[in-house]
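Visitor: I am new to this structure and would like a close look at one part of it. Could you walk me through the salt bridges, please?

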Amino acid sequence: MPTARRASVLRLDPPPGSPSASPFPAPPRATPRPVDALDRHFALEVPRVFSEAERAALVAGVRAAGAEWTADFGGEQFSLGRAFYTHLEQGRSRVYFADAAASDARVERHLPGLQRRMRELVAALTGGLAQPRRGFCGPGVHIFPAGEKVAREGGVVHFDTEGLSDYHLARRLRAITVVVMLELPDADGGLKLWDVLYDGRDDPGDEALSAQSLVASYSAGGALVIDSYRLHQIQPFPGDRDRISATVHAAEIDSGRWETWF
């Protein structure tokens, strides 16, 4: 399980895809993909994915859509747009797939352009084509309420492998998780990352939890990008402000072609 990667977060500044990121682009084969840095680092940090004005507007849209949030795990957390892992773990996968088109419509209605921007970020990070995964819900938003279980205790220690096919897992094809922080809690609430990659066991065990680790911090409107096979956990956060983040999962299904979902 331990990987001996550098326990660090690589900051991509300027962000990939911005006009100043590559003023004299080399041919595609000569240009390393930003995502390949995950072979050497625990995570990538992408600042300023959304401007302050864009971020504030998105948070306002999330708040205004409260009546259409999906409650998960008895109200411990919510989402705008349905998240695959929460439905899988609650035995509600049929609901997830049956509502996928309506889920995307809700997100677009309240947060116009968010799904497109998240896919564009995946494309910039991977240097490839990022397209919606057929039948799945597109990028969405997680809301972790202040004072609730995740705020008090932190999230479950896990890998983001639930949405990957057996074929993908067996061949260890590239998969990433991209989280953009829309509203930071009052303090803490970062992402703990371990020097541990998925080896077929969903329960990492004590040995994995004793491996080298770090806590990566978020910036408002910025993203953290991790290998979906990396062990991680949302950290507890105090205060009265909810933790609100947009998420997209992506898997490389062919060279330069990525499927995205939430």
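Guide: Here is a short tour of the salt bridges, pair by pair and then as a network. Please keep in mind that this is a predicted model. The structure holds 18 salt bridges in total, and a few of them make good stops.

Let us begin with Glu52 and Arg55, which form a salt bridge whose closest N and O atoms are 2.7 Å apart. These two residues belong to helix α1, which covers residues 52-64, and because they are three residues apart there, about one helical turn separates them. Their surroundings can be described one by one. Glu52 has a relative accessible area of 48%, so this residue is partly exposed. Arg55 has a relative accessibility of 12%, and therefore counts as buried, the cut-off for buried being under 20%.

Next come Arg106 and Asp99, whose side chains meet in a salt bridge at 2.7 Å from N to O. In this pair, both Arg106 and Asp99 are buried.

Our third stop is Asp199 with Arg201, where the side chains also meet in a salt bridge, with 2.7 Å from N to O. Asp199 has a relative accessibility of 36%, so this residue counts as partly exposed. Arg201 is likewise partly exposed, at 46% relative accessibility.

Finally, look for a group that goes beyond a pair: a network of salt bridges links Arg33, Asp36, Asp39, Arg174 and Glu252. You can find each of these five names in the sequence and then trace the network in the 3D view.

Conventions:
Residues are numbered from 1 along each chain as its sequence is written. This is a predicted model: local features need pLDDT of at least 70, side-chain atom pairs count only at pLDDT 80 or more; totals for chains, interfaces and linings use all residues. Side-chain values use heavy atoms; hydrogens and water are left out. A salt bridge is a side-chain nitrogen of Lys or Arg within 4 Å of a carboxyl oxygen of Asp or Glu. Helices (H or I, at least four residues) and strands (E, at least two) are DSSP runs, numbered from the N terminus. Buried means under 20% relative accessible area, exposed over 50%, partly exposed in between (1.4 Å probe, protein chains only).
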